[in-house]
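Dear colleague,

Please find the structure below, handed over for your use. My notes on its internal cavities follow it.

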Amino acid sequence: MKPSSPLKPAWERRIAIVGAVLAVAVVALKRGRQHPDEVFQFLEPAHGLAFGYWIMAWEWVEGLRNWAVPGVLGGILALCRGMGIEHAWALASVVWACCAAVQAWGTLALFRLVEERDGREAALLAAAVHVTWGGWLLYAARPLADSLSVAPLLGALLWAWRARARDDLRAGFWSGVLLGLAFVVRYPSAVFGVPIAVSLLVARRWRSLAGGALGVGVVLLGLGLLDWLTWGAPWHTLWKYFEFNILTGGSVKFGTKPWWWYLPTLAGMVPLLLVWHFGRGLARRDLLAGSFVFYFAVMSLLAHKEIRFLAPLLPLFVVLAAGPAWRTLSQRVSSRRVFGGLVGVYALSSLAAATVVMPGGLATEQIDALVFAGRDPSLTGLIVAGQQEWNVSGRFYLRRDVPLLVRPNPLVRELDGALTEAQFSHVLVNGSALGEQQVVAAGFCVLRRWGPVVLWRRCSSANGSGELLTSPSGR
């Protein structure tokens with residue numbers, strides 16, 4: 001462990017708080033969803049627990065998901081309901097704040113990890129880079145398993161580092177508990193258990209290994225009990241997940257990529273100014289380097305690949321690079337002008353990384369329209385044309401338990417009859433999925449527009465004239 005520095009101990013907490021605020025600010029500025037999973041794996045089932053209605057995604061029909069995270073979020077949403085917080089964006093903001101708070105704890109774990117590996121100054125550098133990096137901020141406050149699992153993973157690695165430094169049953173136990181929690185949040189987190197176990201085995205830390213096994217075992221027993229109570233069988237979701245993704249290879253139906261696809265993708269996500277320092281940190285071949293390499297290798301070998309699967313590697317990249325980077329900065333960068341230039345380049349590269357990671361569409365317009373429709377007291381039923389059901393953003397944002405009919409572009413002809421049904425008071429059209437004349441002929445008027453998204457409401461007149469009920473922008 002490196003000697004402590006005279007820097008005030010409050011700095012890491014301040015950095016963690018700043019990181020949480022930045023994470024919420026970024027997700028608020030980039031409203032929408034990074035991936036449909038943040039809606040249908042966590043927000044929708046949580047909304048169902050708190051309010052009694054939700055759209056059940058196929059994973060929940062098949063039993064691939066456990067109720068741990070949705071259960072916690074459901075409790076939070078129930079508290080919001082009790083306090084009279086009902087607006088969809090207000091509820092989303094509460095969820096973002098809770099996710100950011102979890103990541104703030106993860107930032108402290110990252111700080112302690114680097115501090116014990118490379119010293120306090122390097123730890124402050126690592127924490128500052130971690131909480132301001134654009135590639136990470138896009139994920140940090142979102143309710144995605146890939147990012148929510150990062151905080152307990154960092155905690156597990158911190159305690160594993162301590163367990164390896166000294167053969168300690170307690171350190172091994174907490175490493176196991178936190179690894180187990182990361183596993184419950186996201187089952188692929190189990191991959192990190194291999195380098196942790198190998199590191200302790202090589203160091204002959206038998207007490208630490210026993211503590212780790214005990215910690216993981218306690219969490220797994222809790223998962224088995226949770227699945228038994230919610231699905232009717234212990235470890236039901238674990239088996240279903242393994243069966244679908246490993247035994248039958250079901251994930252490949254969502255697309256495959258070559259083994260090398262993550263290499264250029266990761267290069268566009270990480271802080272490029274730290275690449276050389278990362279290489280030096282990786283050369284140490286310790287627990288952290290092994291964890292990075294092993295996880296990256298396993299993800300590369302799997303056929304189905306997504307950018308979000310790399311989220312756990314972003315903080316690890318910073319952890320590995322921080323020590324060598326600080327030594328270089330402290331020795332060679334003495335000019336304030338040079339240091340300011342580096343900070344400027346870093347800021348620009350952070351924005352560039354965020355642009356690379358930014359999804360093709362956050363569906364902000366569609367979600368805004370859904371929220372607006374749900375807040376219209378006259379809503380009795382909603383037709384959504386030109387959108388997949390898994391991309392419609394669910395009851396969480398609609399906030400109404402009314403008939404909902406969703407059809408993608410190839411199936412919009414099926415809506416011809418539904419447009420004349422009285423139960424559907426509103427139609428949400430994406431782009432040119434339905435012709436305006438067709439909607440007008442069915443008796444609807446434009447209520448509001450969000451770019452290519454148009455929300456229609458059934459006209460008060462019998463024939464309907466298609467006139468605007470508001471201005472085209474809705475203002």
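Which element gives the most to the lining of the second largest cavity? The answer is α9, with four residues. Please bear in mind throughout that this is a predicted model.

The search behind that answer covered the whole structure and found two cavities of 30 Å³ or more.

I take the second largest cavity first. The space in it comes to about 40 Å³. Two elements, α9 (150–165) and α17 (313–332), give two or more residues to its lining. The residues that line this cavity are Val150, Leu153, Leu154, Leu157, Phe192, Pro312, Pro315 and Leu316. By class, the lining of the second largest cavity consists of eight nonpolar residues, with no polar and no charged ones.

The largest cavity holds about 70 Å³ of space. It is lined by 13 residues, of which Gly19, Ala20, Gln103, Thr107 and Trp136 are the closest to its centre. At least two lining residues come from each of α1 (10–29), α5 (88–118), α6 (120–132) and α7 (134–140). In the lining of the largest cavity, nine residues are nonpolar and four are polar, while no charged residue takes part.

With regard to charge, then, neither lining contributes a charged residue: there is none around the largest cavity and none around the second largest. Polar residues are present in the lining of the largest cavity, where they number four, whereas the lining of the second largest cavity has no polar residues.

Yours sincerely

Conventions:
Residues are numbered from 1 along each chain as its sequence is written. This is a predicted model: local features need pLDDT of at least 70, side-chain atom pairs count only at pLDDT 80 or more; totals for chains, interfaces and linings use all residues. Side-chain values use heavy atoms; hydrogens and water are left out. On a 1 Å grid over the protein atoms alone, a cavity is a set of points where a 1.4 Å probe fits but cannot get out, and a pocket is an open set with protein on both sides within 12 Å along at least five of seven lines; lining residues have an atom within 4 Å of a point. Grid points are joined across faces, edges and corners, and a volume is the space filled by probe spheres set on the points. Ala, Val, Leu, Ile, Met, Phe, Trp, Tyr, Cys and Pro count as nonpolar, Asp, Glu, Lys and Arg as charged, and the others, Gly among them, as polar.
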